[in-house]
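Me: I'd like to go through this model and ask how each label is earned. Here it is, so we can both look at it.

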Amino acid sequence: MESTKQPVEFTEEDQKLLDKLIRRSEKKKHKKDKSRQDGEKADKHPSKANKRDKKDKVKQEEDKQEAEKANTAKRTLKAKPKSTFQKPQHMFDITTRKKASVSVFKGKKMIDFREYFEKDNEFLPTKKGIALNEEAWNALKEAIPKIDQAVKKLT
């Protein structure tokens with residue numbers, strides 16, 4: 001079998017497209033050749049572009065190191081518990097919605113005065129309130145007679 005090659009006929013549009021692709025290819029090749037020549041010249045005479053390239057490489061290296069540090073930090077972070085709150089062991093009603101409680105939080109005894117709200121027949125704490133450690137609680141107990149006297153003077 002003999003292979004017979006027949007000439008391919010291109011339309012005018014196809015020819016323009018083909019010419020355009022060839023020109024692009026030649027431009028890319030020319031740019032590559034020119035950059036190689038510039039590289040050779042840069043070795044002999046350091047230019048501003050060469051200095052800029054060095055700065056870019058340094059910056060890329062720094063960015064890479066920062067990213068590695070961030071990834072390391074992410075890996076070393078431990079999962080935090082959702083809450084260290086324990087239900088109060090002792091609860092005292094001050095009013096219907098205000099309560100005092102004594103509990104342990106992060107291993108420390110706390111005296112908590114807080115407003116509560118009702119949801120599904122259960123009272124839950126709000127953000128409105130104050131939690132005192134033992135030292136602050138003792139200071140408050142010592143100040144109560146003075147506070148009581150001040151209240152009596154106002155009425």
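Me: How much surface does the chain expose, and what share comes from carbon and sulfur atoms?

Reply: About 15200 Å² is exposed, and carbon and sulfur atoms supply 54% of that. Keep in mind that this is a predicted model. Of the 155 residues, 7% count as buried.

Me: What does the secondary structure come to, and in which order?

Reply: You get 3 helices and 4 strands. Along the sequence the pattern reads α-α-β-β-β-β-α. As for contacts with a separation of 6 or more, 12% of them are between residues 24 or more positions apart.

Me: Why is Ser 101 called buried?

Reply: Buried means under 20% relative accessible area. Ser 101 has 3%, so the label fits. Ser 101 sits in strand S2, residues 98-105.

Me: What does Ser 101 touch, leaving out residues up to four places away in sequence?

Reply: Its partners are Pro 88, His 90, Met 91, Met 110, Ile 111, Asp 112 and Tyr 116. Each of these counts because a contact means heavy atoms within 4.5 Å.

Me: One of those, Asp 112, is also in a salt bridge with Arg 114. What makes that pair a salt bridge?

Reply: The rule wants a side-chain nitrogen of Lys or Arg within 4 Å of a carboxyl oxygen of Asp or Glu. For Asp 112 and Arg 114 the closest N and O atoms are 2.9 Å apart, so the pair qualifies. By this rule the count comes to 3 salt bridges.

Me: Are Asp 112 and Arg 114 buried or exposed?

Reply: Both fall under the 20% cut-off, so both are called buried. Asp 112 has a relative accessible area of 11%, and Arg 114 has 15%.

Me: How do you know that Lys 99 and Asp 93 form a salt bridge?

Reply: Their side chains meet at 2.8 Å, N to O. That is within 4 Å, so the pair passes.

Me: And which label, buried or exposed, goes to Lys 99 and which to Asp 93?

Reply: Lys 99 is buried, with a relative accessible area of 9%. Asp 93 is exposed, because its 59% is over the 50% cut-off.

Me: What about Asp 148 and Lys 152: why does that pair count as a salt bridge?

Reply: The N to O distance is 3.8 Å, and the limit is 4 Å, so Asp 148 and Lys 152 count as a salt bridge. The two are 4 residues apart in helix H3 (residues 134-154), so about one helical turn separates them.

Me: How do the accessibility labels of Asp 148 and Lys 152 come out?

Reply: Asp 148 has 39%, which is between the 20% and 50% cut-offs, so it is partly exposed. Lys 152 has 57%, which is over 50%, so Lys 152 is exposed.

Me: Now the surface charges. Which residues make the positive patch, and why can Arg 23 belong to it?

Reply: The patch is formed by Lys 20, Arg 23, Arg 24, Lys 27, Lys 28 and Lys 31. A patch residue needs over 30% relative accessible area and no salt bridge. Arg 23 has 48%, so it clears that area cut-off. This Arg 23 is in helix H1, residues 12-44.

Me: And where is the negative charge gathered?

Reply: Glu 61, Glu 62, Glu 66 and Glu 68 gather in a negative surface patch. Glu 61 belongs to helix H2, residues 48-76. With a relative accessible area of 41%, Glu 61 is partly exposed and also passes the 30% cut-off for patches.

Me: What makes the phi of Asp 120 worth a mention?

Reply: The phi of Asp 120 is near 55°, a positive value in a residue other than glycine. Most residues other than glycine have a negative phi. Asp 120 is found in the loop between strand S3 (108-119) and strand S4 (122-133). At 70%, over the 50% cut-off, Asp 120 is exposed.

Me: What about the phi of Asn 121?

Reply: Asn 121 has a positive phi of about 60°, although it is not a glycine. Asn 121 also has its place in the loop between S3 and S4. With 76% relative accessibility, Asn 121 counts as exposed.

Technical notes
Residues numbered from 1 in each chain as written. Predicted model: local features only at pLDDT ≥ 70, side-chain atom pairs only at ≥ 80, totals over all residues. Heavy atoms only, no water. Patch = residues over 30% accessible without salt bridge, like charges linked within 9 Å, V, L, I, M, F, W, Y side chains within 5 Å. Areas by Shrake-Rupley, 256 points an atom, 1.4 Å probe, with all protein chains shown as cover. Lys, Arg positive; Asp, Glu negative; His and termini not counted. Charge placed at Lys NZ, Arg CZ, Asp CG, Glu CD. Buried < 20%, exposed > 50% of the residue type's maximum accessible area, 1.4 Å probe, protein only.
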